[in-house]
Structure formats: structure tokens, C-alpha cells
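Here are some notes to read alongside the model. Please keep the structure open while you go through the points.

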Amino acid sequence: MDLKDKLVSSFLAFENKVDVDSYVHDVRTDAIKVFEEKGFPSKKEEAWKYTSLNKILKEDYSVFPKQENALEYKDVKKYFIHDIDTYKIIFIDGKYSSHLSETTHDGIDVCLMSAALTKPKYRLIIENYFNKAATKESLASLNTAFSSEGAYIHIPKNKIADKPIQILHFSTGNESATLLQPRNLIVAEENSHVQIIERHQNLTDNPVLTNSVTEIFAKKRAIVDYYKIQNDTAKASLIDNTFIKQQRESVASVHTFAFGGKLTRNNLNFYQEGERIDSILKGVTILGDKEHVDHNTLVHHIEPNCESHQDYKGVFGDNATGVFNGKIIVEKEAQKTNAFQSNNNILISDKASINTKPQLEIFADDVKCSHGCTIGQLDESALFYMQSRGIPKKEAKALLMYAFCNNVLSSVKIPEVKYRINKIIANKLGVDIGFNL
Amino acid sequence: MLKIKDLHASVEDKSILKGINLEVKPGEVHAIMGPNGSGKSTLSSVIAGKEEYEVTKGSIEFDGEDIDELAAEERAHKGIFLSFQYPVEIPGVSVTNFMKTAINESRKAKGLEEMPAKDMLKLIREKSELLEIDRKFLSRSLNEGFSGGEKKRNEIFQMAMLEPKLAILDETDSGLDIDALRIVANGVNKLKSQDNAVVVITHYQRLLDYIVPDYVHVLHNGKIVKSGTKELAHELEEKGYDWIKEEVNA
């Protein structure tokens with residue numbers, strides 16, 4: 001049985017475990033129909049031209065992973081941003097791990113989707129927001145059909161989350177292959193502020209496929225900063241579907257740090273539903289081996305006087321492949337839009353490749369839209385210059401690559417996150433220098 | 001300190017240096033002059049270890065060791081410094097952090113601990129004052145958007161930070177106005193001691209009024225065709241290079 005059939009038939013088993021008389025279940029039932037109809041995307045679709053799921057879909061995934069193996073904090077501490085106080089929503093094999101987590105209901109809600117989906121006090125928010133940003137694209141629909149667990153974050157009006165929130169997913173399963181489908185909902189009410197850090201980590205040698213959906217609502221004047229740290233093993237694949245709806249004067253930023261994993265697809269979608277909104281999409285990709293990353297972004301400018309800023313840097317070595325597909329839609333009403341997009345890449349091996357494609361659909365006539373993409377190599381004369389000052393070639397290369405990514409890194413607002421990213425980059429580039437530029 | 005014997009070098013199979021002999025001892029200042037295309041910059045690149053240049057014959061010894069097989073950074077660790085004719089712009093790396101990395105990598109190579117941040121800042125302050133460099137300048141990206149004069153001053157600042165045994169100044173005077181020239185030359189002179197040496201590569205005699213050479217060599221067509229004292233530089237300034245070419249051809 002192929003994975004699609006397996007999933008569709010598993011839905012019946014899934015229904016035995018959840019409350020079928022709920023708003024959410026109606027949404028799930030619609031979603032499984034969409035998935036059944038559309039199936040997994042193939043390379044024939046324009047948006048999937050350079051990313052094939054064929055290989056990873058061949059694994060015999062366990063759709064409902066078994067209960068968690070115990071993890072000790074000391075063993076997984078290195079995957080946390082552990083040098084600052086944070087809230088933590090931690091999952092092991094898709095199940096909530098209470099002993100690794102630190103949630104709250106004190107003023108803000110930092111807790112579990114499973115609780116939000118079942119407890120009456122969250123009903124109104126679920127009915128107002130659940131699946132209201134996600135599209136009917138097949139992978140997002142698949143996630144919706146099986147949505148039962150993930151992070152639920154609600155920041156009420158005028159509240160500031162007093163510390164950053166970490167969402168971590170660990171895989172420890174002994175099964176031959178595991179499919180995880182976390183579902184996150186984040187609602188930042190008017191004039192609130194929240195910072196979130198997300199990471200997926202495979203701790204086994206078995207394949208893991210994560211098909212995640214995160215819906216974020218940034219209400220009037222809310223500020224949401226989201227950091228995705230993707231540095232998983234060669235057996236782990238991630239399809240990240242993130243949908244962000246913004247209301248007037250809100251600022252939402254997503255930083256995506258793609259440093260590893262077999263296949264990573266980032267579907268990042270911003271919808272601007274008010275005036276004077278700022279959307280910020282930043283990415284640093286540093287890949288080697290046979291790793292593949294596909295950044296597929298959408299910024300939908302619907303109202304006037306809004307801005308969007310996209311800046312993605314990529315460094316590709318060995319046989320790594322990358323894709324950047326950045327779509328900007330400016331509706332007729334969205335006059336005075338400022339939309340910027342830039343994608344710069346360095347290829348450090350003859351076998352690495354990047355496909356970069358800006359897609360601009362502009363229906364308004366008084367807008368500023370710019371886009372640019374570059375593909376280059378490391379500057380040999382700069383390397384010799386640095387070597388002549390005593391910096392060995394390997395370190396000189398690393399420094400140049402780091403400097404290349406630096407303007408994206410400099411916009412990270414949590415210093416400890418930046419410090420950790422710097423460490424991962426140094427590790428990835430095999431050098432021991434403190435990139436403190 | 002530096003002993004070059006019958007050095008032949010080529011780039012992309014084009015022979016550029018055709019038998020150079022040069023010996024530089026501690027405490028000496030040598031000037032290498034010559035018309036454009038005579039091989040001056042190639043000589044400095046070959047000494048510093050640029051990979052594109054292949055030594056086809058002869059040898060370069062530094063402190064009694066053949067350095068031909070050493071990487072550029074290893075030569076730097078031994079105390080060779082090249083001030084570039086065209087310093088390279090490195091966006092995203094500040095002057096301060098570039099110097100920190102360079103100094104700490106040299107220390108690492110010598111088995112020393114990293115320099116404590118406090119000492120580093122003190123050293124940077126001291127050496128930037130010597131070159132009359134504004135503090136704000138140090139946090140800018142290396143050479144990016146610097147004027148010609150700023151770039152050259154920055155080269156000598158780096159030299160002051162690294163304290164090399166042998167400094168090769170490749171056309172350091174080009175692009176400098178008279179005030180900048182004085183600051184740069186003053187910096188070099190202050191760093192000069194009985195234990196280190198300077199090789200000044202220049203097209204014009206102007207810089208040599210400030211950095212006074214013990215020996216002057218004329219490079220032509222990949223060979224040193226004439227050597228003398230500082231008076232030779234004055235003669236070249238007055239008469240140009242044509243008489244040397246004629247002398248060689250005759």
C-alpha cells in the first residue's frame with residue numbers, strides 16, 4: 001500500500017480516538033477529502049518543480065508513532081537555547097513531554113494543542129482561528145486531517161510574553177520510519193508581543209518525516225518574531241507549512257536557518273490584511289553532503305501602505321541543492337506597497353546547485369517592488385588577502401561565508417539565539433572561530 | 001633574513017620572474033623600483049605565497065628555511081607581511097574583528113592562547129593612534145568604501161598590529177596624498193628596528209624621501225638589472241627608466 005492509501009485508511013482509525021462531534025472534526029473530515037483528491041504533490045506542479053518527494057514517500061512510515069521513550073534533559077540540553085529562561089513545549093515522537101516542558105496559563109497561554117482542541121474554554125478561539133490561515137494545499141490538508149497535537153500559544157491584548165517560547169520535537173522511535181504531523185496555533189492579540197523558537201531533532205538512525213503546520217495570527221500592532229532552526233540529521237525530512245495572517249500595523253518576522261536535513265521544504269506564507277503592516281522573511285542556508293532545501297515563500301499584499309522584506313542567503317557545498325521560489329502578489333488595492341526580495345547564493349563546490357526564481361504579480365500601479373538574485377563563488381583574492389594576514393584558508397573561507405550571511409544574522413533579536421546559530425555555523429564549516437563580527 | 005636565489009616564477013605558464021637574486025638582512029630597508037610590467041608585484045606575491053604563482057626554479061629562504069612549499073598563512077605566521085597595492089574589500093567583516101581573528105590565528109599556530117580581549121583593545125587603540133586612525137573607522141567593514149588613502153593607512157595599521165619581521169610594501173604610495181603619505185611613512189619608520197626589515201616596492205622615488213632605503217634595486221623584465229644606494233632612486237627620478245633599458249639591451 002502506498003503512503004497516500006495508508007494515510008487515507010488510517011483516518012478511520014484516527015476517528016476512533018478523537019471527538020468526532022466537534023467543529024475541528026468537521027474541518028478534519030473536509031481536509032482528508034482534499035488530500036485524498038489531490039494526493040502528494042509531484043514535480044509536474046510548478047511549485048514542486050525542483051523538489052521531488054518520491055524518495056522520502058517510499059518509506060514505510062508509522063503514522064501513529066508509539067509512546068515516547070524517556071529523554072533526560074541533560075542528554076538533549078544541547079538542542080535547547082539553554083542559557084536563557086524560556087517557556088518550553090516539548091514533544092517526543094509526537095507526544096507531549098511534560099517533564100521537559102515548561103508551560104503557563106499565567107496571563108498568557110503557552111500549552112498544548114490537544115488541550116485547546118478539547119477543553120471548552122478554548123472553543124471560541126479554536127472556532128475563530130483553527131485552519132483559518134492554512135490553505136487547502138494537499139500537504140497542509142493532510143496535516144489538518146490528522147491534527148491533534150502541537151503547540152498552542154495565545155497572547156492576550158496588550159500582553160508581552162515575558163520570555164521566549166521554545167517548541168522542540170524529538171524523534172526517538174524504534175520503528176523503521178516515523179511520520180510526525182505537529183499542528184501549531186499562535187494567536188497574538190492586539191498590541192501583544194511574542195518570540196518563538198522552533199526546532200526538530202531526530203535522535204535515531206531511522207527516517208523521520210515531519211509535515212508540520214503552523215498558523216500565526218498577528219492582530220493589530222502585534223509583534224511576532226519566529227525563529228526556525230533546521231539542523232537535523234541526514235535521515236530527517238521536514239515539510240514546514242507556515243501561514244501568517246497579519247492585521248494593521250503588525251510586524252511579523254520569520255528567520256529560517258536551514259543547516260541540515262535530508263530534505264527540507266519551507267512553505268512560508270504571509271497574508272497582509274490591513275494597512276501599515278511589515279512582514280519580514282529572512283533565511284540563512286548552509287548545506288553540504290546531499291542535503292536539499294526548498295524555500296517557497298509567498299507574501300500577499302492585500303491592503304495599501306504595507307511593506308515586506310525578504311532576504312535569503314545560501315551557501316551550498318558538496319552535492320547540496322537549493323531552491324528559492326519567492327512569490328509576491330500585490331493586489332490592485334495595495335497601493336504604496338514596498339516589497340523587497342533578495343536571494344544571494346554562493347556555490348563552493350562544482351556539484352552543488354541552486355535554482356532561484358522570483359515571481360512578482362503586481363496589479364497596483366503605485367508600488368515599489370524590487371527583487372534580485374545572485375549566484376557566485378568565494379572571492380579568491382579575498383582569501384589570499386586574509387591568508388597573507390595569517391588566517392588559514394579554511395578559516396578564511398568560513399569567515400567569508402559567515403560575513404556573507406551576516407546581515408541576516410544581525411537581525412536576530414535574541415542574542416543567545418544568534419550565539420547558538422554562530423556555533424552551529426562554525427561547526428558546520430568545521431572551524432573553531434568565534435564569529436563575532 | 002630573506003634570501004632569494006635565481007628565482008623564476010610564472011603564472012598560467014607565462015614566465016614573469018626570470019632569475020632574481022636578493023638578500024635582505026635584519027635592520028635593512030630595500031627599495032625595488034622598475035617600470036610597469038617589470039615583475040615588481042609578482043615578486044611580492046611570490047614571497048607572500050600566492051597560489052596562482054608557480055616557482056619554476058630557484059629558491060626563497062626565510063630565516064634559513066625554504067618557504068617555497070608553505071601556504072600564505074604559514075609565511076605570515078613566520079613574520080612575512082605584504083601590504084597590498086590593491087587591498088581587498090571584505091564586506092561584513094569589521095577591521096577590529098579581522099585583526100582579532102588574524103592575531104589569534106597566528107597565536108594559535110604558535111601554540112599560544114588567544115589574546116585577552118582587554119589586551120587586544122589596548123593594542124588596537126595604541127596602533128590606531130600611531131596611524132591616526134579614527135575609532136569609528138575600526139568598526140567599518142574591512143576596506144569597504146574606504147578611500148585609497150584609508151585603505152593604505154589600514155594596511156600599515158595591520159602591519160603595526162601583526163609586527164612582522166619582514167614587511168613588503170607593494171606600491172603603498174600609490175593613491176596617497178602628501179599628508180597620508182607622511183602618516184604612512186611615519187608609521188613604517190616608527191615600527192622599524194634592528195630586528196626587522198622592509199622591502200619597499202615603488203614606481204616613484206617620492207616615498208623614498210620618507211622611508212629612506214639602504215639599497216635600491218631596479219627590476220626590469222623579471223630580473224634585477226641594477227643595484228645601488230638611495231642615490232640610484234634619485235637618478236631614476238630624473239632620467240626615467242629608459243636609460244636602464246638601453247644599458248641592459250646594450
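**Notes on chain A**

1. Helix α10 of chain A, residues 415-428, lies across four strands of chain A: β8, β10 (223-231), β12 (251-260) and β14. Its direction makes an angle of about 25° with β12(A). Bear in mind that this is a predicted model.

2. Another helix, α9 (residues 393-409) of chain A, lies across β14 (278-287), β16 (307-316) and β18 (338-347) of chain A. Helix α9(A) runs at about 160° to β16(A).

3. The strands just named belong to an open sheet of ten strands in chain A, with mixed pairing, in the order β2-β1-β5-β8-β10-β12-β14-β16-β18-β20. At its edges stand β2 (95-96) and β20 (368-376) of chain A; each has a single partner strand, so one side of each has no neighbour in the sheet.

4. Within the sheet, strands β5 (residues 165-171) and β8 (residues 193-202) of chain A run parallel and are joined by seven bridges. Opposite A:I167 stands A:E198 in β8(A).

5. Helix α2 of chain A (residues 23-38) has 16 residues and reaches 23 Å from first C-alpha to last, close to the expected 22 Å. Just after α2(A), A:G39 has a positive phi of about 70°.

6. Which residues of α2(A) are buried? They are A:V24, A:R28, A:A31, A:I32 and A:F35. These residues lie on the same side of α2(A), because they cover an arc of only 105° around the axis. On the other side of α2(A), A:D26 and A:E37 are exposed.

7. The buried residues of α2(A) pack against four helices of chain A: α1 (3-15), α5 (113-118), α6 (123-129) and α7 (138-145).

Notes
Residues numbered from 1 in each chain as written. Chains lettered and ligands numbered in written order. Predicted model: local features only at pLDDT ≥ 70, side-chain atom pairs only at ≥ 80, totals over all residues. Helix = DSSP H or I, 4+ residues; strand = E, 2+ residues; numbered from the N terminus. Expected span 1.5 Å × (residues − 1). Buried ≥ 20, exposed ≤ 12 C-beta atoms within 10 Å, placed from the backbone. Arc of directions from axis to C-beta. Contact = placed C-beta atoms within 7 Å. Pairing = 2+ DSSP bridges. Axes fitted to C-alpha atoms, helices over the stretch in contact; angles between N-to-C directions.
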